Amino acid sequence: MPTSIDSYRLRAKPFYMPVGDEIALYEQAYAHRMPMLLKGPTGCGKTRFIEYMAWKLDRPLVTLACNEDMTASDLVGRYLLDADGTAWHDGPLTLAVRHGGICYLDEVVEARQDTTVVVHPLTDARRMLALDKKGEVVQAHPDFQLVVSYNPGYQSRSKDMKHSTRQRFAALEFDYPDAEIESAIVAQEAAVPLETARMLVSIAHRSRALKHRGLDEGISTRMLIYAARLIGSGVSPRQSCEMTMTHALTDDPDMAKALQGFVEAHFD
Amino acid sequence: MISTGVLDLTAVVDRALVSSRQSPSEGLRKQLLGWLHALHDDDPACAVALASKLALLLAHASVEALGRWIVTGLRMHVGDRSRLRAYLALSDAHALKSLDREAAEGGAQGAAASLTWLLEGLTERPMTIQARERDDLYAAPLRPTLTPTHLLLPNDYTALDGADRYQLYRAAAHLLHSTPGRPAGKLKPMSLAVISAIEDARVERLLLRDYPGIRRWFADALAHALQPGVLSFSALISRMSLALVDPNYQDDNYWVNKARTLFDSQASLGLDDYAAFRHIGSLLANDLGQMRVPFRAELYRVPAAYRDDNTFLWTFESETAQSLEIELQDPPAAPRGQRPKGDDADPPPDAPGAHEVELARYAYPEWDHRPAVMRSDWCTVIDKLPSWKTVDGGAGSPAIAGAHQALRLVRAHRFSRAHRLRRQWEGDDLDLNAAIEVMVAQRARMATDPRLFIRCVNQERTSSVLVLLDLSESTNDRLDGTGLSLLDIEKQAGLLLARAVAPGPDRIAIHGFSTNTRTEVSNYRLLEFGSPLDDTAEAMIACAPARHSTRMGAALRHAVRSIAGEPSDNRIVLLVTDGAPSDIDVHEPGYLVEDARVAVHEAHEQGVHVHGLAVDPHGLAYVRRIFGWGHFDIVDDPRALPARLCRLYARLSAA
C-alpha cells in the first residue's frame, strides 16, 4: 500500500473542457482552502474536474469512493500489528491532511452520516483532525483541502447530507454541458468525428427531457463517451446506443422503446 | 329492434360471450352487437357467417381485437361480398392469420406509454395520448388528430397499416415546426388538402435535418400508402408525398414531378418560408382543378396512416362541416374536481355518502399566502369509513378491477445492505480494530476484551407509509381503452402496494380524501396501520367514493397527524393526485397550492417525508411548487400508476 503522498500525484494532464467559470472559481476557493462540495448528476464530469484541478494546482489527489460500510477508521487510520508491536497507519484522509493533498470524498452521501462528522473540525477555522485512538491532533498542512461530491438526484430518504455537514462547504454546481461543448468532449474523449458526437448528444438531450417523467436521470456524458467509443471501434450506432444507453438506463420496456426511438430517429 | 327475423343477434352475442367466458363492459357489448347489425344491414349473409363463428372468434380474441379483425376484412375485400363472407366465416386463408395478428395487439392504449415518452422527448412538451374510437364499421380509416397538448390515436389501425402500427405517429413534426390554427379563410377544401400535404412534407424535411433516421420511418409508411398508377386525388397525394420524401422514388406523372421540382427548388432556398410553400400548394391545387380531378372532402383521408388529419394546422370560422369535433376527455379549460352546478345540495338518502360512518372531527389551520398568515382552526377534517351502500348502489361487487395481479416489490438492495454489528461475542468475521486492541492489551499483559467479532445482520430500517388517494370527482372519469376510471386505478395501485408490503416488516395505511369546502374535508380511513389486509379491508378500499374537490393542505396535515405516532424510523406520506388542489369556496388560483406547499414543509419539519405522484402530464409546475424538487413524480400513463407507486415505495423506503 503506498503511503507516500507523492504516489497520489497525477502524472498526466487529465482532459477537461471548461463549461463556465468553474476553474477560476475553484482556484479562488482553493486559495482560501475552502472546503468544496461538487454537486451534479451522475457522469457529468465532477471527478474529472477535480482531477484536472489537482493536476493544475500540482497537488496530490487522494480519492475515496464512499460506501455505507466505511468507518471513521477507514478515513483517519488505525493501529496495525507488525513484528515489533503495534504501529499506527494513517488513513487516506490523514495522509492528505498531514502532507497537504486534496482529499476527495466521492459520493459522500453513500457514507453513513456518523462517519462523515469526523471531517467537521477540518472544515472550519480549526483545520485539524483529532486521531483519538492515537491521542494526536494533526494540524492540517497549509495546502490541504477537502472536496466532496454528491448527486442531488438521489431520492433515498437516508441519503441526504446532514445540514450541519453541508453548510461547511462552498458548492459548485455541475450539470451536463451545453450541446456544443458536450459534443466536443465526447468527440475528444472517444476519438470520433464531431458529427457522431453531436448525434449522441442530441439523443441524450431527448432523454433528459424525460427526467421526472419516468426516468430518474437522463443519459450522462459518460454514457455518451462509452457509446461513442463502441461506435469508433466499428460497432453499429444502434447497437452501441442500445448497449451503453438504452438498457443501461432503464428496465422498463416502454421506456426502452421510447429511448430506442430517439436512437432510430438520429441515425440514418 | 334487436331480433332480425331468423337470427336473434342479441342471443348470438350473449351466447358467444358466455361460452368464451368474456365479460366486456356494456358499452363494448353494445358495440359488438352494433357491428353485427351493420353487417346484417349491408349483407345478411355476412352477419350469418360471422354469427356462426362468433363463439370461436371470441375465444381467441377480445371484443376490441375482433372489431379490428372485422375492419381488416372489410378493407381487404372492398366490394367483393363472397370473399368477405368467406373471411368472416374463417374459410379464407388470410382470416386466421389476421385474427392472430389482431389478438396479439394490445390496442392504441397499450402503445401510449412509450409513444408519449418518445413525443415528449422529441418535442420537450407534455403530451397526452388518447385512443380515438371508430364509430362506424364502414367509415374510412381514421387518422391521428393532433392538438398542442393531445394526440388522439386511431383505435382502428389494423395489421394492414403496418406491423408496428401504433408507433406510426412518431415524429411530431407539426408540433415542432408548424404554426397551429392558421385561419382557413376562404380556401377551398381541395386547396386545404394540398397545402396541408405540402406543409406535411415541409415540416418532415425540417425534422429530417435534425433526425436523419426518421426518413426510414416516413418513407416506409408513405410507400405503404402509395397507390401507383391511380389518378384519383388521394392517389396523387400519396404519390406526391412519397416523391417529396424519397429521392429514389420515380413517378411518371407530370403533376407529381412538377410538385417535386417546385418543392425542391424552394427547399434549396430554405425550409422556413411557410408562405412560399403555401403558394406552391395553391398552384398545385389549381392544376388539379384544371385537370378536373374529382375531390370529395367528406370522403378524403390523408393517405399515409401515420400522418395526422391536419386539423392542427387550421381554424375554421363557423363552418361546422369542416371543423372536426375533438372531444378530449380532459378539456384543459374546464375546472377540475368540481361537481356540476346544482349538485351541491345535501345528498338524497340513496346517494353515495348517505350511509357513511363518521369517526371523528379535527380542526386544522390553513395558510393564506397573500397576507402570509396561518388561519387557525380553518378546515374541518372528518374521519370516515365509506358507505357499504356505495357498493349496492350499482357500482358492482366491491372487487377492484385489475387487482388480481401481483406486483413484486424490488427490494433486493435493502437486504444486501447488511448492518454490521461490531464487537460481538461471536460472528462471521474478526473486528479488525477490536482484534488489534486485544493484541495490544495482551502484549501489555492487561485484561482483554474477548468481544472481537463482527456479525452481519439484516437489521432493516422499517418504514411506515401512508398512501393518500385523491378521491375528487375528476377521478371518476373513464380512461379510454380500459373501461376503468382513474379512481379504479388508484384503488388498484393502493391495494397492490398494500399486498406487496404486508408480508414484510413495513407498515402501510391507505387513506383517501375529498373536500366540499373548508367545513367538510372527508378523510376515508380505508386501511389502518397494522390492521390485516383481509377481505373486509379490500372491500373497504373498493367502496371508497369519489366526489367533490381536492383541498390538499388539510388532508396532508391530517395524514401527517395519522402517521406521526408510527414507531418506524422512516415515515412517508405518498400522495396520489390527478390535478392541482381546488375547492369550490376558493377562487384564487395558487391559494391552495401555497397552502399545500406549507403543509408539506411542516411535515418535513416533523420528520415525515411527503412525496407526490401526479397523474397529470401537465402538472409539472404545481407539483414542483407543492412537493419541492426531487419529491414528486409525474405519471403520464394512468395505467402505469400501480407499477410506479410500487417502484417509488421501494426507492423511498430503501434504507
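Which residue follows α4(A), and is its phi positive or negative? Select G100(A): this glycine comes right after α4(A), and its phi is positive, near 80 degrees. Helices here are DSSP runs of H or I with at least four residues, strands are E runs of at least two, and both are numbered from the N terminus.

Before going on, a word on what you have loaded. This is a predicted model, in which local features need pLDDT of at least 70, side-chain atom pairs count only at pLDDT 80 or more, and totals for chains, interfaces and linings use all residues. Residues are numbered from 1 along each chain as its sequence is written, while chains are lettered from A and ligands numbered from 1 in the order in which they are written.

**Chain A**

Step back one element and select residues 92-99 of chain A, helix α4. L93(A), T94(A), L95(A), A96(A) and V97(A) are buried there (20 or more other C-beta atoms within 10 Å of a residue's own, with C-beta atoms placed from the backbone). Now show the whole chain: you should find 11 helices and 9 strands in chain A. Of its 268 residues, 42% are buried.

**Where A meets B**

Next, select the interface: 33 residues of chain A are in contact with 32 of chain B, contact being C-beta atoms, placed from the backbone, within 7 Å. On the chain A side, colour α11(A), which gives the largest share, 9 residues. That side divides into 11 nonpolar, 12 polar and 10 charged residues; Ala, Val, Leu, Ile, Met, Phe, Trp, Tyr, Cys and Pro count as nonpolar, Asp, Glu, Lys and Arg as charged, and the others, Gly among them, as polar.

**The cores**

Jump to L556(B). Beyond its neighbours within four places in sequence, L556(B) touches V573(B), L575(B) and A596(B), among others. L556(B) is also one of the residues with the most contacts inside the largest nonpolar core, which has 164 residues. Such a core is a set of buried Ala, Val, Leu, Ile, Met, Phe, Trp, Tyr and Cys residues joined through C-beta atoms within 7 Å. For another core, apart from that one, pick L38(A) and Y52(A), which are among its 40 residues.

**Where to be careful**

Finally, colour chain B by pLDDT, the predictor's confidence in each residue, from 0 to 100. The chain B average is 79. Helix α12 (residues 254-269) of chain B has the highest mean among its elements, 92, and helix α15 (residues 412-416) of chain B the lowest, 41. Over residues 319-352 of chain B, pLDDT stays under 50. Where pLDDT is low, the predicted coordinates should not be read in detail.

Notes: Two residues are in contact if their C-beta atoms, placed from the backbone, lie within 7 Å. A residue is buried if 20 or more other C-beta atoms lie within 10 Å of its own, exposed if 12 or fewer, and partly exposed in between; C-beta atoms are placed from the backbone.
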